[in-house]
Every structure is written in structure tokens, then in C-alpha cells.
Amino acid sequence: MTTQMTSPPAVAGPVRKARRAESSYVARVGRPGFAWALPATLFFAVFAIVPLIMVAVLSFMSWNGLGSPEFAGLDNWRRVLDDPVMIKSIWLTLLLTALGVAVQTPLSIVLGVWAAGPQRNRAVLSAIYFIPLLLSSTAVSVLWRALLDPNFGIPAQVTWLFGDGNLFGEQSTAIGVLAFVSTWQFTPFHTLIYQGAARAIPPVLYQAAEIDGAGRYRQFFHITLPQLRTSVITSMIIMIVGGLTTFETVLILTQGGPGTDTTISAYYMYQKAFKGFDFGAGAAIALVLVIAATVVSLIVVRVSGYDKMRSTMEGVS
Amino acid sequence: MKTRARWPRLLACGAALALTVSLSACGSGSGGGGGGDDGKIHILVYGDASNKVEKQIVATFNKTSKVKAVLDTIPGADYQQKLQTIINTPQAPDVFFNWGGGSIKPFVKADLLMPLDDFIKDDPGLKDNFLPSVLSSAVLDGKSYGVPMRGTQPVLLFHNKKVLADAGVRPPKTWDELLAAVKTLKSKGVTPIALGGGDQWPTLMWFEYVYDRVAGPELFRKAVNGDKDAWASADSKKALGMIRDLVEAGAFGTNYDSVKYTNGASPALVARGKAAFELMGSWYYAQQQQDAKDFAEKGLGYTAFPTVPGGKGDPSDIVGNTNNFYSVLKKTKHPEAVEKFLKLMYSDEFVKAQLAIGNLPTTTNTPKFLDTSASPAYARFQYDLVKKAPSFQLSWDQAYPPSANAPIRQAVQQFFNGQLDTDGFIKAMQALPTE
Amino acid sequence: MRRRPHYLAGAGSLVWLFLVGLPLYVMLAATLRTHADYAGNGPLAFPKSFTLDHYTGAFDSGFGRYFLNTIVVTVCVVGLVLLLVPPLAYAIVRSTSRITSQIFRLFLLGLAIPAQAVIVPMFYLISKAGLYDNLLGVILPTAAFCLPMSALILSGSMRDISRELFEAMAMDGATPRRMFFQLVLPLSRGGLATIVVFSALQAWNGFLFPLVLTQSDSTKVITLGLYNFQTSHSIDVPGLLGAVVLSMVPVLLVYLFARRALVRGLMGVGGK
């Protein structure tokens, strides 16, 4: 046992310190080395990290894609950070992301838990619910634009709710539509995650709760939700990152309008880089996005203890 | 635990399959694409229904030419993006589709394009066989960089004949008649003018015409060449005031920013008599034919844009897409073959094929074949309009370099919905990049 | 365990069914009506005409070839992801090495790289590698951009494997490799199923990489083919939606056939 004590305790790293002395031995053997992660890491480095580094370099250059890039110092960064449209786009991005998480999380938990039930009709319905995920963003946007047309779509039938139907002419309603359409499109994916996780909850927990006389809602809040913790974090990270980087829906539904009222950062980057061919500024905006999304997901991981979490099953079976 | 062993095996199978398939894909796909030096000329075009003619012309060319041509298409919306990515690389094409004006200005500045003046000297037909007002869109710094290769698309004022007749309104010849028509139509409960504001570029067409009628083509020509004062001139303010009057008179209704042209919503408003007018490019007719055949043949009227009494612009000036062009890369290895290919753009075969799919070529031999077009009267109306026009202003978003595209569209939308006032709009236009 | 039906949940699920179903109905209806009917009577009206032109039209514009290419890309991407991600996630969850936790952070960073941002350098890398206008040149970056999300999902699912099971195997003297194949893979079926779905959809619906990295007709994928229905000034809505329905059918079929396996997989640990 003394040799065990001299080895450095695994404090950093994704491993939680073993609590009980007798399990500390078994907790340490049979661990895979980092070599297991190497193939994926190398592959990823070549096709994602190397280009990202090139983008980082590009953010200090002035380049329109034609001649050779010229060093521009902090010029792009100064322009981007002084640009009122850029500042506004950051707020819009955060707002849309927050809206997405706030709406989609409860919805997909409820739908996922519901779909996890054994009834046959649920299987049929969840197959239908799954379909929006199969559509390309272009198709989704074209469909909703047709459905929300003020003269021929739903608003024309439901005038008491929509008034003149000018949903895309006002900032608040345009943002509402964007949040709604991405909810429509991506909820199935998160539902899938929760459905799987809810299935994995041991029935014995519910049986025990039922014996204790806990009602359905208490069971949901005291057993189901805590058991879904890992999935909530996974799904939230996906939503946040997805929210920060969405742009296809904006491209086809609103084109950032009215004016610049729905110009979110990812769309703004696309506009700068690929409509305006100002690749330097585009690269700077892209980096802001990458950094923001990384910081947010690191915070989520840290706060939730996700990277140290071993198993929600512990002490259960 | 029966399933336990299945997963690893499945995994192994999947991986093996993936490798096999990717290797075979590798084999079949190699060697394709890109200009490079494969002894062929690569022609890059915007991918859509018009490709039919381009394919046919390439086939005709290949029948007689030793150097073969290959047609590559890029899906529409991202054409310019892809072009900009590859044009300065070995994958660049020899000849490519463009809109003239600002769309090729950056390439000319980067010295990538070949001036066609030598070709023209060789074969004056490459100039003389095309209408001059169209050719000028692809002339930069006095040199010619493009040969027209599809159809011209002037912007016209379309109307629903029945709606106008029911309201006792005649197609307006002047701006005041238009304003009066708006008032009458509104009182009858019809949206006077359909506008696909959600697409932003249909809104821009109103600016292009009103500016041209009020100030003549000179104001915009100065502005696009970098004279920022042009936007602050009295004429500019007058034009903006007229547009403001029209919007405030309720000419476009209240929800135009939620309506799109591209998904067929605004043409449907006109076809179904819910709106009276729509300002749109000449492709509108084909759109209505597809969506509402009866209406297109019997109920759809079209006129030139109303005149503005006292304005400096010639009443027969037009705006729109002058034509699409083929431009040639300087580094092409087969200039003679390219020249031979470009000559086909005024051949009888080309003109007939374009007319057959509803495009209106701008060659001088076009009138001979106008009767073979699907709608001869409409084709002739346009052709005469283009031929007589002293000035054919290329759409603003095409005339400016691509980087100005988004700011222009934002500004016109914001001016319409009141987020920008006259001074705000002028400032936004002055801030546009001109190179 | 029998439970009485839950009326509130039932009602809620019906509302959601309506929200999901209405657009799908509109889509299907639009593809089966003539242009004049769609444009004249609006998307919501009951179809008054019937035509299959929008489907045959899609095939006439070369969809067969595009289909094949898309299938090749999708199968290869899924294969690559299945090859690379399970060992990676295993290391992230079980390895005590400090390097692994750095690697995990690297992938978290990778989550946030928008493909738009790196497309220009990617173009240079791929053409330098001689893979321009080659399906392999689309497969490799697409797979790479599936990795972060797949790693996150799969490691999340692997974390749910009870520690006692590892310890029991360790007591028996199992090597990491044996634990991986006999314990981790079978018990993370749920995660594996999810990443297969995720990466298959990414590959199937991928647009940007094929757009920039391919050129000729022989390497075109379906998403690029959808642009045949769009010109610079209008969208052929019924035609486009017809092509979209066609492109959806194979995925939906795979989903329906694989649903049993998928759902069983999704049950993960609960299925043991």
C-alpha cells in the first residue's frame, strides 16, 4: 500500500479521487492510456485545429481572397470591436442562444421522458416527431416562410393573434420566429438524448418511490430529473454551441433583417467574409465566436462538475 | 447478454466498409475538376435551369474544336463565394459567368482578367453584334472584360389589368398618376403595390428607378466611382422624399417586409387581385406563366416605369440586369480556343436556344428570331426598350463591389420601414466601399 | 409497471404533433400539386390537383448520381466517426493521464468552430493534398467536424457506466482493451446510436464542404442538387420540396428499419 501512496494523486485529470481505501487499487488498474485518444486527436488537429490556427493568423491580416494577405496588425480587431453592428450582433446571439436553451430544454425533457414510455402509440408519434431533424435547414426555412406568409399563410387565418402578420418586419417578432423555428428543428435531437437517458433509469427507483407513496410529479422531480443530469449538461452544451453558431436559419428566414435587427454574429461573419470578402474581419469575428463558445462550455462543464463526474449510477445498483 | 458481442463486430464491419468505399470513391473521383493543365478549357457557370443552353453550346463547340471545353456549374446562391475562393488558385476556370460591373471589379483590380480588346480587334463581331447599352456594363477603365451570354432582364412595372379596370385606373405614365392610382386603389381595399420586402432587393428597384428619373444616370455613376457628395445632393434628397411619400401613402401596405418574392408570395398577390402593381425584372412574366398561366396570358399588363416631370433622367432609361457575361482569365492556356468559344455567343443557334427557354439575348441578330420566342409580343417590347434606352443602369447591388451588397440592402429596407431618415440613408450610402 | 394514462402529457404531445405535423403536411401536399394550384390557392389550402412531376423532375435533374455520392459520403463519415470516437471517449472517461483532460478541452474548443470560419484554409489544405473535387476531400473534413460533438455525446453516455462494473473487471485482471470491447462498447449502445444518427445527418445534410471542395457533376451531392430549384430570383417551392422529400426518404427508411435497434441502443445500460 505504501507504493500506492507515493504515486501522485490524480487531482487534475478527469478522474475523481477514489473515496474508499480498498477500491483505490482497483480504481487505478485497467485504465487506458492517452494513446487511445491519439488517432482521433491527430485527425481532428489536421482538419480542424490547423485551419483554425490559419484563421487566427488571418485575423491579423488584410485579405480579400485574391492577392496575397498583408499584415494589418490589430486593424481588423479594432474595426470589429468598434463596429456597432458587431456589438449588437453579440447581444442578439446571446439572446437567441438563451431563448433556445430556455425553451428547448424543458420541452425536450418532457417530450423525451414521455417518449421513453413503453406504449406503442408513443413509438409511432416519436417517429413523426423525429422527421424535422431529417430536413435540411434550407427546407425548414422555406417551409416556415411559406407557412408564416402574412397573406397566404397561418397569420391570414388567425388575424386576431397576428394582426397584419408583419412577423418579419419587427425585431421582436422576427427574433421570436427564429427561436421558434430552431426549436422546431432541433428539439427532436435533444428529445432523443433524453429519451435514451430516461430509458436508462432503473425502474427499481420508481418502484421504491411508489412504495413510499410519492406521486407522479414528485417522482419526476426527485428521481427523473436528477437522473438526467449528465444528459442535461450534454444537451445544454450542444444547444449553446449550436445557438452561437447558427446562421442558416437567419440566412434564409430573415437575412439579418429588418435592417440589422436579427444580424447575429455568425451571420455577420458570413456576411463580412463571404459576401464582402473581408476575410480578415471575418476571421476576427469567427475567433470571437470560437472563444465565446469555448468559455461558455468550459464554464458549464466546470460548474456542473461534468469533467469529474463518474457515474450517476453510483450507490444505486 | 446476447447483444453484447454484436456491437464490436458491427463496428468492425462498418469500419471495413467505410474504408473500402472511400478507397473506391478515391479511385473514381481522382483526376477530375479544376483548370490546371488538362488540355481543356473549363467554363464555370451559375447552376440553374439556363444550364441547358450552356450545355448545348459546349457540345456544339466540342464537335469542331481540338481543345475541348468542360462545363462546371456551381449551385446558385453561393456562386460568388465559391468563385472568389478558387479564382486565384490552380483550380480556377478559364472562362466564367458573372454579372459585369462590381462583380468583376475586384478581379480586374487584382489583374486576373484578360481584357478582350485583342479578341475584338481580331473579330469585331465580338463587339458589333451586341447592343451597346448592355456591353458597357462589362467595360472597366475603358477596357472590355465580358461577352454577354444569357438574356437581358430590364425591370418593368407590371400590373393586374382587371384590378386597374375595376378601380377605374389607367396604367400610370407619370409619377403623379402613380400617386393618384395608389390613392384610388387603397380606397377600394386593394394593396396598391405588391413588394417582396423580405428579399430586400425588390425594394432596391424602387430606388434605382426613382433616382434615375430624378437625377439621371450621372448621379449614381459618380457615386459608384467614389464621389460621396453625390448622395448628399439636392436631387438625391428629392428622390428620397418621393420614395418616402410613396411609402407613407400606404402604397405597399404594412406587412411588405414579411412578404417574399422568391417563394412566389408577392406575384400571387398580383395574380389573385389582392394587389395591383409590382415592380420586377422581366423574369416576372415567366414566373406568372408558371404559377398562374391564365393570368399571365390574359390579365398581366406591363409598362415602363412612369416618368417624373422636371426630372433630369431620360424617360426611356431603364435599370435592371443588363445581361450576364463570360469573362476570361488572363492565365488561360488556350486563348484561341476561348475566343472561338466566345464567338458562339452571337451565333444563330445560341440566340434560338436562349429564346426557347425564355431568355432574351442582346445580340443584333435577335430580332430575326423574336417570333420563335414563346411570347413574341413581350419579347419584342423588351428588346425595343433595351435597344432604345440611352442608359441601362446595372442594379446597384451589382454595380458596387460585392462588399457593398449587404449594407445597400440593409439601408433600403431601413429607409422603407423608417429606421433610417433621409440623412441616415445618405450617410449609409456614403459609407459604402467603392473599390 | 402499468400506469394510468397521463392526460396532460397526452394533450401536450398532441399539440406538438400538430406543430410538427402541419409543416410536414404542407410539404407533402405541395410536392403533389401543380404549380398553379400551389401558387393560386396558397400552401394551406387542400390540394385540388395531383401530379408527380416534381418527383420525376428531381430525377431528371441528375438526382440519381447525387444520391449515390451522398450515400458514399455518409457511410464513410459514419464509419470514420465510429472508428475514431469510441476509443477517444473511452480515454476521456477512463484515462488518468493529464494529457487526456487537455485533449477533452481541445475537443470542447473544437465544438465551437463554425465550418464557415475555416472554409478558406480548408480549401487550401484539401487542394494541396490533391483531394479537390474528390469525395474523399469532402469526407475527411466532414468527419473531423463531427468528432467534437460525437465525443461529447459518447463520453456522456460512457460516464453512466457504473464504476463497480469496471472495478469488478479490474479485479479479474482485465486489460483496458478487454474492458473496452466487453464492457464499454456494449454498455454505451445508446451513445453509439446517437452519434451514428448525428454524424449521418451531418454528412447527409452537409452543404458547405461539398460546395467549396467539389466542382464537377460527378462529385455533386444532394444538397447541392437542391439548388437546381433555385435561381437568382425565385425558388421553385414545390420542386424544391419534392427533392427534399426524396432526399429524406432513405434516411427515414433507415430510421424506421433501424428504429428497433436504435431504441434498444438508446436504452443503454437499462437494457442489461
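Into which domains is chain C divided? Select residues 1–51 of chain C for domain 1, then residues 63–271 for domain 2. Keep in mind throughout that this is a predicted model.

**Stop 1: the two domains of chain C**

Colour the two selections separately. Taken over C-alpha atoms, the centres of domain 1 and domain 2 of chain C are separated by 30 Å. Where they touch, domain 1 of chain C contributes seven residues and domain 2 of chain C contributes five residues. On the domain 1 side of chain C, the elements giving two or more residues are α1 (7–32) and α2 (35–41). The largest share of that side, four residues, belongs to α1(C). Show side chains there: by class, the domain 1 side that touches domain 2 of chain C has four nonpolar, two polar and one charged residues.

**Stop 2: chain C against chain A**

Now bring chain A into view. Here 94 residues of chain C are in contact with 90 residues of chain A. Select α1(C) again, since this helix also appears here: α1(C) gives the most to the side of chain C that touches chain A, with 12 residues. Colour that side of chain C by residue class, and you should find 67 nonpolar, 20 polar and seven charged residues.

**Stop 3: chain A by itself**

Hide chain C and show chain A as a cartoon. Chain A has 16 helices and two strands. Of its 317 residues, 50% count as buried. Among contacts in chain A between residues at least 6 apart in sequence, 68% join residues at least 24 apart.

Next select residues 90–300 of chain A. UniProt, in an unreviewed entry, places the feature "domain: ABC transmembrane type-1" on this stretch. Over residues 90–300 of chain A the chain is 77% helix and 0% strand. The C-alpha atoms at the two ends of this stretch are 19 Å apart.

**Stop 4: the two domains of chain B**

Move to chain B, where each domain needs a selection in two pieces. Domain 1 of chain B is 40–152 + 323–380, and domain 2 of chain B is 153–320 + 400–430. The centres of these two domains of chain B, over C-alpha atoms, are separated by 29 Å. Their contact takes 10 residues from domain 1 of chain B and seven residues from domain 2 of chain B. By class, the domain 1 side of this contact in chain B has two nonpolar, seven polar and one charged residues.

**Stop 5: strand β12 of chain B**

Zoom in on residues 325–328 of chain B, which form strand β12. Which strands pair with β12(B)? Strand β3 (residues 95–98) of chain B pairs with β12(B) in the antiparallel sense over four bridges. Within that pairing, select Val95(B) and look across to Val328(B), which stands opposite. Strand β6 (residues 147–148) of chain B also pairs with β12(B) in the antiparallel sense, over two bridges. Here Pro148(B) has Phe325(B) as its bridge partner in β12(B).

Turn on the side chains of β12(B). Phe325(B) and Ser327(B) point one way, while Tyr326(B) and Val328(B) point the other way. Are these residues of β12(B) buried or exposed? All four are buried.

**Stop 6: helix α18 of chain B**

Finish at residues 348–356 of chain B, helix α18. Select Phe350(B), Val351(B), Ala353(B), Gln354(B) and Leu355(B), which are buried. Then add α2 (51–64) and α19 (366–369) of chain B, which are among the elements covering the buried residues of α18(B). Following α18(B) is Gly358(B), whose phi is positive, near 95 degrees.

Key: Residues are numbered from 1 along each chain as its sequence is written. Chains are lettered from A and ligands numbered from 1 in the order in which they are written. This is a predicted model: local features need pLDDT of at least 70, side-chain atom pairs count only at pLDDT 80 or more; totals for chains, interfaces and linings use all residues. Domain bounds come from an automatic or database domain assignment. Two residues are in contact if their C-beta atoms, placed from the backbone, lie within 7 Å. Ala, Val, Leu, Ile, Met, Phe, Trp, Tyr, Cys and Pro count as nonpolar, Asp, Glu, Lys and Arg as charged, and the others, Gly among them, as polar. A residue is buried if 20 or more other C-beta atoms lie within 10 Å of its own, exposed if 12 or fewer, and partly exposed in between; C-beta atoms are placed from the backbone. UniProt positions are given in the numbering used here, feature names are shortened, and annotations may be inferred rather than shown by experiment. Two strands pair if DSSP finds at least two bridges between them.
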